[in-house]
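This report describes the domain layout of a chain and the surroundings of its ligands. The sequence and structure are shown first.

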Amino acid sequence: MSKKPRAAFFDFAGCEGCQLQVANLEEDIIKLLELVEVVEFREVMTGEAEEYDIAFVEGSITRKSDENRLKDIRERSKLVVAYGQCAVSGGINRLKNNWSSMDDVKKCVYGDDSNLAHLDTYPTRGIDEVVEVDLYIPGCPIDRDEFLRMVKELCLGKTPRLPNHPVCVECKLKENICLFDQGVICLGPLARAGCGARCPSNGSPCEACRGTVENPNKNAMHEILDKYNYTVEEIRRTINLFGVNPEVKK
Ligand code: SF4
Ligand code: SF4
Ligand code: SF4
């Protein structure tokens, strides 16, 4: 590719933490700018672009009106990348879909104002439930090194791949004491690696913010649950946190 691809960054519902991961690449920002020409990125520059080669989309779709904006981005871009778990699966915003009704969600959040006309009852969606997505970069937030690697591979015409082994592998390589042995439920046996087992290495359980591996070893998970006297329901509640459980996808 003789010219650098034109890259634009967009956000929907989220905390903007994934944009910050890109904005805070520090000296590695040079590596990103060697790969792409950034033509739109509200958080770090002014100006808008008419069209782009790669649209990086952060955030989940939480309003009907978001759909048209996202479709417009899709039409203007050759490739669309969902980056961050909000965009990949709906992320933490998807928790509201587990409630029995969207009206109850509105009442809980807005109380007496829940009947205001602009508040709709739209369930949270990942962006691929509205438009076609070419690449997923998971995590809450994304891992900066993984982001750079995947963008580089994309620009070289390769197909970027995610690790497909569980967080437990990275955790055991670090010789951590397993949290199950300390009375804490951890989703490491199911969760997709690539973060360096960041949470269990710092004493917190993995909550699968990067989704699960393909074909997770459910038998092994059942054996662990039996051994430590936990139920499937307790794991299901945790795995719902980042909207990665296919059972809760609408
Ligand atoms: S994935 Fe996490 S860090 Fe990224 S925008 Fe959503 S809530 Fe924020
Ligand atoms: S602490 Fe979690 S990630 Fe680490 S070995 Fe135990 S279950 Fe796996
Ligand atoms: S340990 Fe689990 S929750 Fe923590 S960053 Fe890694 S995948 Fe996400």
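Domain bounds, as used here, come from an automatic or database domain assignment. The model discussed is a predicted one.

The assignment divides the chain into domain 1, residues 6-155, and domain 2, residues 167-241. Taken over C-alpha atoms, the centres of domain 1 and domain 2 are separated by 27 Å. Domain 1 gives 11 residues to the contact, and domain 2 gives eight residues. On the side of domain 1 that touches domain 2, helix 4 (residues 85-89) supplies the largest share, with three residues. By class, this side of domain 1 comprises five nonpolar, four polar and two charged residues.

Ligand 1 has 14 residues around it, and those that come nearest are Gly14, Gly17, Gly84, Cys86 and Cys140. Helix 1 (17-23) and helix 4 are the elements that each give two or more residues to this shell. Helix 4 thus appears both in the shell around ligand 1 and on the side of domain 1 that touches domain 2.

The shell around ligand 3 is formed by Val167, Ala191, Cys195, Ala197, Arg198, Cys199, Cys206, Glu207, Ala208, Cys209 and Arg210. The charged residues of this shell number three, and no polar residue is present.

The table sets out the residue classes for the two ligand shells.

| Shell | Nonpolar | Polar | Charged |
|---|---|---|---|
| Ligand 1 | six residues | six residues | two residues |
| Ligand 3 | eight residues | no residues | three residues |

Methods:
Residues numbered from 1 in each chain as written. Chains lettered and ligands numbered in written order. Predicted model: local features only at pLDDT ≥ 70, side-chain atom pairs only at ≥ 80, totals over all residues. Contact = placed C-beta atoms within 7 Å. Helix = DSSP H or I, 4+ residues; strand = E, 2+ residues; numbered from the N terminus. Nonpolar A, V, L, I, M, F, W, Y, C, P; charged D, E, K, R; others polar. Near = placed C-beta within 6 Å.
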